[in-house]
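This report goes through the open and enclosed spaces of one protein model, then a helix pair and a few single residues. Please look at the sequence and the structure before reading on.

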Amino acid sequence: MHGFVDGSAFDYGSTSWADFEELISRHINENPRDKARYKTILSPEHPIEVIKDAVDYIPKAEVTVSEEKDFYSVEVNRTIKRSDRDIEGSFALFQHGESPIWTAVTGYSPDFFDRGLCWVFNQAEPDISDFFADSSELRQILRQIEQELSTEILVSKAVVYSRSEEGTISFRTRPYKEVFTDGQLEDGYVDKLNFNVRRQDNEFFSGFISREGVTKIESGDPELFRRYLLGAFVETVADKIEVLSQRDRDETNEINEIELEFESDVLASPTDNQELIEALSNLTKSTMTVYHDNPYAHVSVVDFVDGSNCDIYVTGSKSVSIVPGYKGSVNSLMRIANQLSKDFQEGALTLRDAPEYSLTDFVA
């Protein structure tokens, strides 16, 4: 079932999530090289109908959905046009409480995970959106697990990117806190981590977490993994989602201004402005217009995915304001925030009180 061994008994009739997690546990703990791969997404509307509508018009692609007791089973069959290669597999999809956040899990290969599971969600963009966790949020997630389970968390592999150098991979086993105090993070960010959660000789689970909402469990208890790691991930990123959701300018012309605030003076010169503009120019599926770059920066971004638009201003040496237009989807704003976090500088997102602008503020 969904790429996990001994699943045939579950294929004929409705399956409970507890039964399915027992199947995952047997699979990963009896086969050291196997793992369960998870992808967490944001879907304000019910994702099943969104997925069906998104894939329905695509030639040589079929998605079949069945409802289990407390989750959905999604089977994907598609042919990659360029190579005429078939991709087949399935995944389970479950909701986190009453939130708009859902997670998919599969035991199939990385190839199916990327070209089957993630492909389905990409087709449903922007109604289904990725979300990201920055370095401070990744640290908060691991800290929450450590506190709630009274455990030690050791990182066995860390991928850290510096904006002035190429990314580095460290295989040195160390407490997770040391990764986040590395000098390289002064001008960079943590991208992904492999880690082990244990108390003395008792392992709770070992796995993987990335800033892009992809997680894995390699051994241990899937129920603890879901409850504590995925639970902490959802709780931590929920605040960011609240800031970015429903920020379109309404008919009353009320402006919802989102502020990205940095810890240091990263926008103290025209050169810094140029670095910010260059970072935004690398945003995929979009176009950008630069109105000013010196002595302050003002750019406009249009998202080709759904027509969202926003204005971005440098409002201080430590802050950038993002002002959504009449269409400013959470998917678009999340992509912009993530782009700035990776290619410029990580910062904290907050919602500011509505400012007063005149027409001249939007005209070069």
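The lining of the largest cavity is made up of four nonpolar residues, five polar ones and one charged one. The model described here is a predicted one. The residues around this cavity are S308, N309, C310, P324, K327, G328, S329, S332, L333 and I336. Two elements, strand 15 (309–316) and helix 8, each supply at least two residues of this lining. Helix 8 has the largest share, three residues. The volume of the largest cavity is about 30 Å³. A search of the whole structure finds one cavity of 30 Å³ or more.

**Pockets**

The table sets out the volumes and linings of the two largest pockets and the largest cavity.

| Space | Volume | Nonpolar lining residues | Polar lining residues | Charged lining residues |
|---|---|---|---|---|
| Largest pocket | about 810 Å³ | ten residues | ten residues | 13 residues |
| Second largest pocket | about 440 Å³ | six residues | seven residues | seven residues |
| Largest cavity | about 30 Å³ | four residues | five residues | one residue |

The largest pocket has 33 lining residues, and those nearest its centre are D134, S135, S136, E263 and E346. Which elements each supply at least two residues of this lining? They are helix 4 (135–149), helix 6, strand 12 (257–261), helix 8 and strand 17 (348–352). Helix 4 gives the most, with seven residues.

The second largest pocket is lined by 20 residues. Nearest the centre of this pocket lie D130, E212, T284, R335 and N338. Helix 3 (110–123) and helix 8 each supply at least two residues of the lining. Which helix gives the most to the lining of the second largest pocket? Helix 8 does, with seven residues.

Helix 8 thus recurs: it supplies at least two residues to the lining of the largest pocket, at least two to that of the second largest pocket, and at least two to that of the largest cavity.

**Helix 6 and helix 8**

Two packed helices are described by the angle between their axes and the distance between the axes. Helix 6 spans residues 222–244 and helix 8 spans residues 330–343; the two pack at an angle of about 120°, and their axes are 9 Å apart. Their crossing is right-handed. On the side of helix 6 the contact involves K240, I241 and L244, and on the side of helix 8 it involves V330, L333 and M334. Of the residues in this contact, five are nonpolar, none is polar and one is charged. L333 also appears in the lining of the largest cavity.

**Single residues**

S135, one of the residues nearest the centre of the largest pocket, is in helix 4. Is S135 buried or exposed? S135 counts as buried because its relative accessible area is 6%, under the limit of 20%. Apart from residues up to four places away in sequence, S135 touches F180, Y189, V190, R211 and E346. E346 is also among the residues nearest the centre of the largest pocket.

A232 belongs to helix 6. With a relative accessible area of 0%, A232 is buried. Residues up to four places away in sequence left out, A232 touches I141, Q144 and R227. A232 and Y38 are 194 residues apart in sequence, and their C-alpha atoms are 14 Å apart in space.

D272 is part of helix 7 (residues 270–281). Its relative accessibility is 16%, so D272 is counted as buried. D272 is in contact with D265, V266, L267 and F344, leaving aside neighbours within four places in sequence.

D343 lies in helix 8. Why does D343 count as partly exposed? D343 has a relative accessibility of 35%, and partly exposed covers values between the 20% limit for buried and the 50% limit for exposed. Not counting residues up to four places away in sequence, D343 touches R163, A279 and N282. D343 and Q274 are 69 residues apart in sequence and 12 Å apart in space, taken from C-alpha to C-alpha.

Notes: Residues numbered from 1 in each chain as written. Predicted model: local features only at pLDDT ≥ 70, side-chain atom pairs only at ≥ 80, totals over all residues. Heavy atoms only, no water. Axes fitted to C-alpha atoms, helices over the stretch in contact; angles between N-to-C directions. Helix = DSSP H or I, 4+ residues; strand = E, 2+ residues; numbered from the N terminus. Left-handed = near helix turned anticlockwise from the far one by under 90°. Contact = heavy atoms within 4.5 Å. Nonpolar A, V, L, I, M, F, W, Y, C, P; charged D, E, K, R; others polar. 1 Å grid on protein atoms, 1.4 Å probe; cavity = no way out; pocket = protein on both sides within 12 Å on 5 of 7 lines; lining within 4 Å. Points joined across faces, edges and corners; volume = space filled by probe spheres on them. Buried < 20%, exposed > 50% of the residue type's maximum accessible area, 1.4 Å probe, protein only.
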